[in-house]
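Me: I am new to this structure and would like a close look at a single part of it, namely its largest pocket. Please take me through what lines it, and then say a little about the enclosed spaces for comparison.

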Amino acid sequence: MPGEPAEAPRAKSARAYSIATVCLSGTLDDRLEAAARAGFDGVEIFENDLIASASRVAEIRARAADLGLRIELYQPFRDAEGAPPERFKSVLRRMRAKLDLAAELGAPTVLVCSSVAPDTIGDDDLAAGQLHVLAGLAADRGLRLAYEALAWGRQVSTWEHSWGLVQRAGHPALGLCLDSFHVLSRTSDYAGIRSLPGDKIFFLQLADAPRLDMDVLQWSRHHRLFPLQGGFDLAGFTRAVDTTGYAGPLSLEVFNDVFRQADPHRTAVDAMRSLIALDDAVRPAAGQPGPLVPAPVLDGIAFAELTVDAESGPELQRWLGLLGFSHVGQHRSKPVQLWEQGGARILLNSSVDRSAPAEGSAAISAFALDSEQPARSAERAAQLLARPLPRTRAAAEADLTAVAAPDGTQIFFGRSEPDGPYGWLGDFLATGDRSGHPAGITGIDHLSLAQPYDRFDEAGLFYRSILGLRDDEAAEYAAPYGLVRTLAVHDPGGRVRLALSVPLLRRGEWAPGVTHPQHITLATGDIEATAAALTAAGAPLLPIPANYYDDLDARLALDPALLTRLRRIGGLYDEDAHGRYVQLFTPVISGRVFFEISQRIGGYRGYGLANEPVRMAAHRALRRAGRPDRGGRLGGVRRGR
Ligand code: MG
């Protein structure tokens, strides 16, 4: 897989990490290769994947061994316990066949999930007796059965009930499979798991999920996520299981519509990252050091870098001038300009060796973070399998490590200082230019980056785990061209904020919106003064429709004077329990980039996401009106047909 490490180095852990083949896309061969390359120790073989494989069982066993993968589990065996006597005969026949298969495969354990058959009898003595018989068949072959309560099981749907049957069956070859989804989708009270004997937990399956109010079967089948990507307390759950002395693998079992069709190599790395991060979250509470270097404190976004070409470069320069920035520095060895206003720094990079955007377009291709310990930020990123980016630098230049975010954006770790090994400002020669008329911009409030459809949940985990960012606002809203899902993340100090977005469904052919929009939000302490300065400079800001202000008035009964001022400056408004937010936008510049200028009043914690549909429609209205976004022609957007 281009760009991924061939053998992922992972933070050392004594634990075995495993993944169910059902988590990944492709044929069984594709899935095994992806799991091995991402560094997994073992796999659960999902029955459908084996059945569809062109390889015979012995060949699959050999292939896994070649790849260095243990086959930890064969799954699932369905509708076993509580069967009426007539049907139980066929259960026995099927079990013998599957146990023979598991033995040939080299899988020591077969997963039996609680029956969903309509004729399942609610008689614990009968069910336990049948499980005892089945466990005897497994024992005859030197195998074990791990019994799992499906949250939608016909008679058995809780881990307590499954444990009751395992105890009642009383067979040494019968134990439990605990699956975090089945437990946590039903209850957040899992403390009782701590009292289980660890040697009777034969297998542990881990899956996270967003908190959804929906049918649990559909929830499980379509929306599972890797640990730390959803809303479940996976760390607490895993800690509870650890308390029992369970010594088996941490194994991922995730059914997810997006992962099922995404590049399995990427998904496997994402999965491995989730286990490393989970392991790190679990171990300190058990009195052991976590495997990861702690995430260093971040002091802010040092710069945002726009990749530009011969057409978009001058256009961005013009816009930065209108916004009050000055071109204060020129890179010593590269065609990179440093523009500055207050604490906001923006680089325009016209070097050709970067991933070039389409002709005439610009893109936020990189940003840098001021880290208190840049080398340790980079070390943590490597431990969590961030893809390192090669970088050429002259001898005297700062040692900025760069890693690639899931959307390809480059992230640098450095210090906004003129000197020192990580002081990147020293890489720029002062131009002496202070010609910009400052408009009151004080810094970069946040970056908004549309994510590729397949990589949204991966991106959330990436930023949480690698940078130590925390979730802010997660939302879904109806935008003009479809539903959009967002996730905002921030550092504990509130100095680094990112807003990620993705369409809820993969885009169809009719897509007149801006493809993968990106914007830089510039902070001001006085939005009205900034608006006045921009108007005086001749910066054309995005017109906001009158309907918006009528609605604002109806909903929030704002002070009429404030409403009048908002109308006058074209400001969008939001408020939360902590404060207020006013935002202005530029038109889309050079394809897909634009600027937001915002003021946080009080302790407002959001990102103005409620206003996004209005902002998008306003940008579209500008394009429909044929008003140029830049340089006399429409921005590089696909136009509606
Ligand atoms: Mg399961």
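Reply: What follows describes the largest pocket and then turns to the cavities.

The model is a predicted one, and its largest pocket has a volume of about 800 Å³. Of the 30 residues that line this pocket, those closest to its centre are Pro210, Leu225, Asp457, Glu476 and Arg485. Several helices and strands contribute to the lining, and the elements that give two or more residues to it are helix H8, spanning 216-223, and helix H13, spanning 456-467, together with strand E19 (470-479), strand E20 (482-490) and strand E21 (497-503). Sorted by class, the lining of the largest pocket holds 13 nonpolar residues, alongside 8 polar and 9 charged ones.

As for the cavities, the model has 3 of 30 Å³ or more, and the largest cavity has a volume of about 120 Å³. The lining of the largest cavity is made by 14 residues, and Glu305, His331, Leu347, Arg391 and Phe428 are the ones that lie nearest its centre. Here the elements that supply two or more residues are both strands, E9 (298-307) and E12 (344-349). In terms of class, the lining of this largest cavity comprises 7 nonpolar residues, 2 polar residues and 5 charged residues.

Key:
Residues are numbered from 1 along each chain as its sequence is written. This is a predicted model: local features need pLDDT of at least 70, side-chain atom pairs count only at pLDDT 80 or more; totals for chains, interfaces and linings use all residues. Side-chain values use heavy atoms; hydrogens and water are left out. On a 1 Å grid over the protein atoms alone, a cavity is a set of points where a 1.4 Å probe fits but cannot get out, and a pocket is an open set with protein on both sides within 12 Å along at least five of seven lines; lining residues have an atom within 4 Å of a point. Grid points are joined across faces, edges and corners, and a volume is the space filled by probe spheres set on the points. Helices (H or I, at least four residues) and strands (E, at least two) are DSSP runs, numbered from the N terminus. Ala, Val, Leu, Ile, Met, Phe, Trp, Tyr, Cys and Pro count as nonpolar, Asp, Glu, Lys and Arg as charged, and the others, Gly among them, as polar.
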